[in-house]
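Hi,

Here's the structure I promised to pass along. Have a look, and my notes follow underneath.

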Amino acid sequence: MSETRIPDDIACLKYAEAQQEMEKLIRKIDAGGMSVEDIAECVERSCFLAMHCRNILTSIEKRILLLTGELQQGGVWTDFESNDSSRNNQALDDEPPF
């Protein structure tokens, strides 16, 4: 199965921007008065926006899994707000600093 390429003008959007555009397109379709061709274009663009949002969320999920996986394998918590060196480099068995 070939991979669908998300248009560049969508790929550069942040998650919230893509979501807002999808909502705008849905309101436009719901308002009525559009030709079938225009509705098809809105649906197609909405699908690309949804794919882009899904890609963003998947990327975030992978980053979180990577971070938590590294921490579970012997990483060290660092308290960036404390100047107390005894609190820095807490073992993972301790509570996280957040």
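The mean pLDDT (the predictor's confidence in each residue, from 0 to 100) of the protein chain is 80, with 68% of residues reaching 70 or more. Over residues 84-93 the pLDDT drops below 50, though this stretch still has 18 contacts in the model beyond near neighbours in sequence; a contact means heavy atoms within 4.5 Å.

Some bookkeeping: this is a predicted model, so local features need pLDDT of at least 70 and side-chain atom pairs count only at pLDDT 80 or more, while totals for chains, interfaces and linings use all residues. Residues are numbered from 1 along each chain as its sequence is written, and side-chain values use heavy atoms, leaving out hydrogens and water.

On the fold, you get three helices and zero strands, where helices are DSSP runs of H or I with at least four residues, strands are E runs of at least two, and both are numbered from the N terminus. Helix 2 (residues 15-31) has the highest mean pLDDT of the elements, 97, and helix 3 the lowest, 90. Of the contacts with a separation of 6 or more, 49% are between residues 24 or more positions apart.

As for the surface, the protein chain exposes about 7900 Å², 53% of it from carbon and sulfur atoms (Shrake-Rupley method, 1.4 Å probe; for residues, only the protein chains shown count as cover). Buried residues, meaning under 20% relative accessible area (exposed is over 50%, partly exposed in between; 1.4 Å probe, protein chains only), make up 17% of the 98 residues. Ile 64, in helix 3 (residues 36-72), is partly exposed at 47%.

Cheers
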